[in-house]
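User: Please take a close look at the aromatic side chains in this structure. I would like a connected account of how they pair and what surrounds them, with the reasoning behind each assignment.

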Amino acid sequence: MNEFLFATSWCVPFYSLLGALFTLPWTLGIIRRTGPRPAAYLNLLTTLLAFAHSLLVFKDIWNREQETSIITWFQAADFNLSFALEFSVVSIGATVLITGLSILAQIYALGYMEKDWALARFFGLLGFFEAALSGLAISDSLFLTYGLLEVLTLSTYLLVGFWYAQPLVVTAARDAFWTKRVGDLMLLMAVVTLSTLAGSLNFSDLYEWVQTANLNPLTATLLGLALIAGPAGKCAQFPLHLWLDEAMEGPNPASVMRNSLVVAGGAYVLYKLQPILALSPVALNALLIIGGVTAVGASLVSLAQTDIKRALSHSTSAYMGLVFLAVGLQQGGVALMLLLTHAIAKALLFMSSGSVIFTTQSQDLTEMGGLWSKMPATTTAYVVGAAGMVTLLPLGSFWAMLSWADGLVRVSPWVIAILILVNGLTALNLTRVFRLVFWGKPQQKTRRAPEVGWPMAFPMVSLTIVTLLLPLMLQQWYLLPAWESIDWYVVLVLVSSTVAGVVIGSTIYLHKAWSRSRVMAWRMVQDLLGYDFYIDRIYRLTIVSAVAILSKISAWSDRYLVDGLVNLVGFAAILSGQGLKYSISGQSQGYMLTILAVVSILGFFISWSLGLLDKLPF
């Protein structure tokens with residue numbers, strides 16, 4: 001039985017795809033009498049089967065060696081287009097995480113979107129979404145990986161624009177799609193280049209090619225930067241980071257998946273590309289710059305947000321920036337551990353915030369307060385999720401950051417400074433949000449706020465238990481460092497940064513009567529962070545303006561030069577024809593004379609050109 005399950009591990013993505021197909025009769029309106037909920041149940045059932053399959057394989061795969069399966073898609077003469085699938089502890093573990101979180105997100109969506117008329121369409125998109133993520137986890141081919149990243153881009157566009165009747169939602173979906181397309185286009189260039197240089201796009205073949213590759217520095221640098229662009233767009237890294245903030249206009253269950261798994265999918269691709277990126281020191285330095293700028297900048301921006309989902313989404317970009325730093329420093333194992341702990345904690349935080357939004361019908365932090373006694377399950381979920389995001393013993397993120405910081409204290413102290421700063425700012429932001437939402441006096445929208453129903457409470461409670469038990473799982477998987485190897489000075493500094501962030505967040509003055517400070521200096525800082533360092537305006541003044549000017553120049557040349565020349569020839573023919581008809585006499589000798597004159601002129605030009613050819617030296 002175990003051998004059969006392992007041999008059919010490639011079927012895991014197709015469970016979700018099958019579930020998405022099952023929703024089509026309800027999505028297209030073919031079945032209407034039953035309502036859309038049966039489609040949700042079918043999609044949930046297929047996801048449960050995928051989770052059970054991947055979990056059973058994961059329990060057995062610890063005793064197996066990594067295996068790769070080659071599938072030939074197209075072959076003609078010397079052209080062979082194939083892709084590989086990888087079955088290892090990491091890839092199967094990723095499918096367990098994806099399908100497990102997807103089950104909880106779908107149960108959560110049953111309560112959150114209970115009265116939505118397009119529930120079947122939403123679950124179909126979630127199934128499509130999950131299938132692409134599961135395929136990405138087991139893909140060992142850059143060709144297949146790129147195709148699945150394109151599917152994720154399409155899925156993001158459709159899920160962000162789910163409520164397409166709202167103009168702001170349409171704008172957010174469009175911006176998310178086009179921002180990702182920038183990175184995907186550059187990644188496509190790198191894929192084509194690698195297929196030419198290496199002769200194969202399977203990661204195992206690429207790793208062998210890297211060991212003997214001899215590229216000139218310029219080629220290696222351009223190739224590395226193009227490979228980074230795709231994951232940078234998916235992980236909302238500077239300068240392709242603005243889309244994740246706007247994507248919060250979509251339904252919250254989709255935000256749970258997006259902020260925990262989609263960004264992790266982009267970072268997982270970056271982890272797989274790590275040996276190829278090592279060919280260029282410039283590419284590794286670019287990872288450090290992108291990751292450092294995004295980690296610190298997004299952490300600061302999150303402090304000035306008054307929308308609960310946006311305050312949490314910016315911390316997602318910040319933690320993906322830490323993953324970029326880890327990959328840039330060739331710390332792939334630490335990057336995977338960060339992705340695991342962040343995905344679970346961030347999913348729990350977004351479920352908690354979604355429950356608050358569902359109950360209060362508001363996302364504005366200044367309109368909330370006093371919910372801790374009215375929503376105990378939601379409050380507990382938020383506290384545990386927030387604790388799992390920072391270095392607070394004994395939860396998972398503490399061990400992930402400790403394993404990273406421990407080996408870099410002497411090698412790269414500036415990276416430790418970034419880690420401490422981001423950790424402290426994250427603790428400060430999460431404490432600020434907790435005070436605004438759950439602490440203080442109840443306001444108009446929170447006086448009678450009840451706890452959410454069981455479809456939303458069950459996933460939160462389940463994920464709360466998983467977050468608390470994560471250190472035991474890491475210990476069972478031998479991923480925790482030994483006690484004698486722990487640098488307690490690093491532990492003290494990391495925990496101190498968390499305590500400092502919590503203390504400052506607990507004591508800083510928060511007034512809900514206004515969203516901007518009355519002190520001019522603080523107002524300028526708040527506006528600078530609240531508007532994301534005015535990067536969107538900089539884009540409008542530079543890139544958008546340049547594209548607009550070029551478009552106007554192209555439209556003018558097309559209208560007056562290209563079309564003008566063609567129209568000029570047409571008008572000349574019409575005018576000459578009109579002029580000739582008035583010179584017609586009806587006498588045949590006149591026509592003959594005209595023909596002879598034209599033929600004479602043509603004969604003259606032909607003889608003249610032949611004479612010139614005779615004078616040439618060849």
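Analyst: In this predicted model, phenylalanine 358 is partly exposed, with a relative accessible area of 32%. That value falls between the limits of 20% for buried and 50% for exposed, which is why the intermediate label applies. The ring of phenylalanine 358 is a suitable place to begin.

The structure contains 15 aromatic pairs by the rule used here. In one of them, the ring centres of tyrosine 112 and phenylalanine 358 are 5.9 Å apart and the planes meet at 40°, so the pair is classed as tilted. The angle is neither under 30 degrees, as stacking would require, nor over 60, as an edge-to-face pair would require. Tyrosine 112 belongs to helix α5 (residues 89-112) and phenylalanine 358 to helix α16, so this pair ties together parts that are 246 residues apart in sequence. The partners are not alike in accessibility: tyrosine 112, at 15%, counts as buried, whereas phenylalanine 358 is partly exposed.

A second pair has another geometry. The ring centres of phenylalanine 122 and phenylalanine 162 are 5.4 Å apart with their planes at 75°, so this pair is edge-to-face. Phenylalanine 122 is in helix α6 (residues 119-138), while phenylalanine 162 is in the loop between α7 (142-160) and α8 (167-198); the pair therefore ties together parts 40 residues apart in sequence. Both phenylalanine 122 and phenylalanine 162 are buried. Beyond these two pairs, ring pairs also join Trp372, Tyr382, Phe434, Phe438 and Trp439 into a cluster.

Phenylalanine 122 leads on to the nonpolar interior. In soluble globular proteins, nonpolar side chains tend to be buried together. The largest nonpolar core here has 158 residues, and Phe122 is among those with the most contacts inside it, together with Leu194, Leu227, Leu322 and Val437. Helix α16 (residues 332-360) supplies the largest share of this core, 17 residues. Helix α16 is also the element that carries phenylalanine 358. For valine 437, the contacts beyond four places in sequence are with Ile308, Val356, Leu365, Met368, Gly369, Gly370 and Leu371.

Not every aromatic residue is covered in this way. Phenylalanine 22, in helix α2, is partly exposed at a relative accessible area of 35%. It belongs to a nonpolar surface patch of about 640 Å², shared with Leu18, Leu21, Leu24, Leu28, Ile30 and Ile31. Helix α2 (residues 12-22) provides the largest share of that patch, 3 residues.

Charged residues form a further part of the surroundings. Side chains of opposite charge can pair when their charged atoms come close. The whole structure has 7 salt bridges. One of them joins aspartate 175 and arginine 174 at 3.1 Å, N to O; arginine 174 is partly exposed, with a relative accessible area of 42%. Aspartate 175 lies in helix α8 and has an aromatic contact as well: outside its neighbours within four places in sequence, aspartate 175 touches Trp243 and Glu246. Its C-alpha atom is 8.9 Å from that of tyrosine 157, a residue 18 places away along the chain.

Helix α8 also takes part in a salt bridge between lysine 234 and aspartate 184, at 2.8 Å from N to O. Lysine 234 sits in helix α10 (residues 217-234) and aspartate 184 in helix α8, 50 residues apart, so the pair links distant parts of the chain. Both partners qualify as buried because their relative accessible areas, 1% for lysine 234 and 0% for aspartate 184, are under the limit of 20%. Glu150 and Arg181 join Asp184 and Lys234 in a network of salt bridges. Elsewhere, aspartate 307 and arginine 310 form a salt bridge at 3.7 Å, N to O, and both residues are buried.

Finally, some backbone details merit attention. The peptide bond from phenylalanine 238 to proline 239 is cis, with omega near 5°, and proline 239 is in the loop between α10 and α11 (242-246). Two loops that border helix α16 each hold a glutamine with positive phi. Glutamine 330, between α15 (308-328) and α16, has a phi of about 60° and is partly exposed at 36%. Glutamine 361, between α16 and α17 (376-389), has a phi near 55° and is exposed at 63%.

Technical notes:
Residues are numbered from 1 along each chain as its sequence is written. This is a predicted model: local features need pLDDT of at least 70, side-chain atom pairs count only at pLDDT 80 or more; totals for chains, interfaces and linings use all residues. Side-chain values use heavy atoms; hydrogens and water are left out. Patches are made of residues with over 30% relative accessible area and no salt bridge: like charges are joined within 9 Å, nonpolar side chains (Val, Leu, Ile, Met, Phe, Trp, Tyr) within 5 Å. Accessible areas come from the Shrake-Rupley method with a 1.4 Å probe; for residues, only the protein chains shown count as cover. A salt bridge is a side-chain nitrogen of Lys or Arg within 4 Å of a carboxyl oxygen of Asp or Glu. Helices (H or I, at least four residues) and strands (E, at least two) are DSSP runs, numbered from the N terminus. Buried means under 20% relative accessible area, exposed over 50%, partly exposed in between (1.4 Å probe, protein chains only). A nonpolar core is a set of buried Ala, Val, Leu, Ile, Met, Phe, Trp, Tyr and Cys residues joined through side-chain atoms within 4.5 Å. Contact means heavy atoms within 4.5 Å. Rings of Phe, Tyr and Trp (its six-membered ring) pair if their centres lie within 6.5 Å; planes under 30 degrees apart count as stacked, over 60 as edge-to-face and the rest as tilted.
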